[in-house]
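Me: I'd like to learn how to read a model like this one. Can we take it feature by feature?

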Amino acid sequence: MSDSDQQPDTDQPANAVDSGALFAVCHARDWPWGEGENDNYGCVCVVCDQIYRGHKHSHICRRCHEKGEREWNAMTEEERDDRRRKVAREMREWYEANFTANR
Ligand SMILES: [Zn+2]
């Protein structure tokens, strides 16, 4: 467990800690960034709508990812199947609404 895991989980946006000590501070929403040129972008989480630092093409902050992971791990297989069916149904509805309505 790294020091960043011990930090209090505040609701401050990720960029609030970005004041010259970028590599010394890791906000609860930020992903640990690597050496790649695309690993250290300011992003907006699609779940909590807050800014975080992560990969250029990421869409969810570390905090929301870990919360979802904990919820998933706590589910029974039956609940997971229900969730998979719900997601499949929502995806089908989204595709039908976005790719067939304009034809
Ligand atoms: Zn989030």
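Reply: Sure. Start with pLDDT, which is the predictor's confidence in each residue, from 0 to 100. You need it here since this is a predicted model. Residues 1-8 stay under 50 in pLDDT, and the model has 2 contacts beyond four places in sequence for them. Residues 12-25 are also below 50, with 13 contacts in the model beyond near neighbours in sequence.

Me: What is the mean pLDDT of the protein chain?

Reply: The mean is 78, and 72% of the residues reach 70 or more.

Me: Okay, on to the fold. Which pattern does the protein chain follow along the sequence?

Reply: Read the elements off in order and you get β-β-α-α. That comes to 2 helices and 2 strands.

Me: How do strand 1 and strand 2 run, parallel or antiparallel?

Reply: Look at the bridges between them. Strand 1 and strand 2 run antiparallel, joined by 4 bridges. Valine 44 has isoleucine 51 in strand 2 as its bridge partner, while tyrosine 41 is matched with glycine 54 in strand 2. Together the two strands form a hairpin with 6 residues between them.

Me: Which residue in the turn has a positive phi?

Reply: First the general idea: most residues other than glycine have a negative phi. Now the case here: aspartate 49 isn't a glycine, yet its phi is positive, about 70°. You'll find aspartate 49 in the loop between strand 1 (41-44) and strand 2 (51-54).

Me: Is aspartate 49 buried or exposed?

Reply: For that, count C-beta neighbours: 20 or more within 10 Å is buried, 12 or fewer is exposed, and in between is partly exposed. Aspartate 49 has 9 other C-beta atoms within 10 Å, so it's exposed. Tyrosine 52, in strand 2, has 24 and therefore counts as buried. Histidine 59 has 13, which means partly exposed.

Me: Where is histidine 59 found?

Reply: Histidine 59 sits in the loop between strand 2 and helix 1 (62-74). Try a C-alpha distance too: histidine 59 and cysteine 43 are 16 residues apart along the chain, and their C-alpha atoms are separated by 7.2 Å. Do that again for tyrosine 52 and asparagine 40, which are 12 residues apart along the chain, and you get 9.5 Å.

Me: And for the whole chain, what share of the contacts comes from residues 24 or more positions apart?

Reply: Among contacts with a separation of 6 or more, such pairs account for 30%. As for burial, 14% of the 103 residues in the protein chain are buried.

Me: Last one: how many residues of helix 2 are buried?

Reply: The number is 0 of 23, so helix 2 lies largely in the open. You can check its length as well. Helix 2 covers residues 77-99, and at 1.5 Å a residue it should span 33 Å. The end C-alpha atoms are 32 Å apart, which agrees.

Notes: Residues numbered from 1 in each chain as written. Predicted model: local features only at pLDDT ≥ 70, side-chain atom pairs only at ≥ 80, totals over all residues. Contact = placed C-beta atoms within 7 Å. Expected span 1.5 Å × (residues − 1). Pairing = 2+ DSSP bridges.
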